[in-house]
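Me: I have a model open and want a quick tour. Can you take me through it?

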Amino acid sequence: MPAPTIYYLRHGETEWNALGRLQGTRDIALNARGRSQAVQAAGILADLFARDGRGKTSLPYVSSPLGRARQTMEIVRSKLELPVADYALDDRLREIGYGAWEGLTLAESDAADPQVYARRLVDKWTVAPKGGETYADVQVRMRDWYNSLEGDTVAVAHGGTARALMVSLGLETAASAAELYIEQGTVYVFRDGRLAKYS
């Protein structure tokens, strides 16, 4: 089977995104800007489908189980005039867990745990806050998800899972991916061993 094409969307903005708070596994709803970004992403996705000559019903849709990803998916499907709830959930797509740092800003994380914070500045991929995950952990589950795909797919997930997938597929190094900003309101297309961003 040829490598699947993935149309990958990061969820829209939440208030915690706007405030610079680490969300991880916390369920924070989209704000008004985030809902607008989901509408924007739906338009980009529709244009990509038209360019690629494929129908919007011709491939499966899957989301992280976290509410901000599900909200984004449902807005996208509504704008594409598809049944809103007709998509799958996959726990492997959930965001990286930040453990004790969830809800904190980076400055607050530094103040709460300066030793781990300093180590993570040097090696973001393999150092985790107390009770959290490393990006290396997320990379393993994202590779497992990718290997389970039976064909081209639309996925809505998170910035951390996008970085982990990029490293898993050899498109970025751990060091480069750790510093990447994953945009909202954008569609990332993983295809034929390459990555393209449409915004």
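Reply: Here is a short run through the sheet, a ring pair and the pocket. It is a predicted model: local features need pLDDT of at least 70, side-chain atom pairs count only at pLDDT 80 or more, and totals for chains, interfaces and linings use all residues. Residues are numbered from 1 along each chain as its sequence is written, and side-chain values use heavy atoms, without hydrogens or water.

Me: What order do the strands of the sheet take?

Reply: The order is β3-β2-β4-β1-β5-β6, an open sheet of 6 strands with mixed pairing. Strands are DSSP runs of E, at least two residues; helices are H or I runs, at least four; both are numbered from the N terminus. Two strands pair if DSSP finds at least two bridges between them.

Me: Which strands stand at the edges?

Reply: β3 (88-89) and β6 (194-198). Each has a single partner strand, so one side of each is left without a neighbour in the sheet.

Me: How do β1 and β4 run?

Reply: Parallel, with 5 bridges joining β1 (residues 6-10) to β4 (residues 153-157). Tyr8 stands opposite Ala155 in β4.

Me: And β5 to β6?

Reply: Antiparallel, also with 5 bridges. Phe190 stands opposite Leu195 in β6. The hairpin has 2 residues between the strands, and Asp192 takes a positive phi near 55°.

Me: Switching topic: how many aromatic pairs?

Reply: The whole structure has 4. One of them is Tyr8 with Phe190, edge-to-face, at 6.0 Å centre to centre and 70° between the planes. It links strand β1 to strand β5, 182 residues apart. Rings of Phe, Tyr and Trp (its six-membered ring) pair if their centres lie within 6.5 Å; planes under 30 degrees apart are stacked, over 60 edge-to-face, the rest tilted.

Me: What classes line the largest pocket?

Reply: 12 nonpolar, 8 polar and 10 charged residues. Ala, Val, Leu, Ile, Met, Phe, Trp, Tyr, Cys and Pro count as nonpolar, Asp, Glu, Lys and Arg as charged, and the others, Gly among them, as polar.
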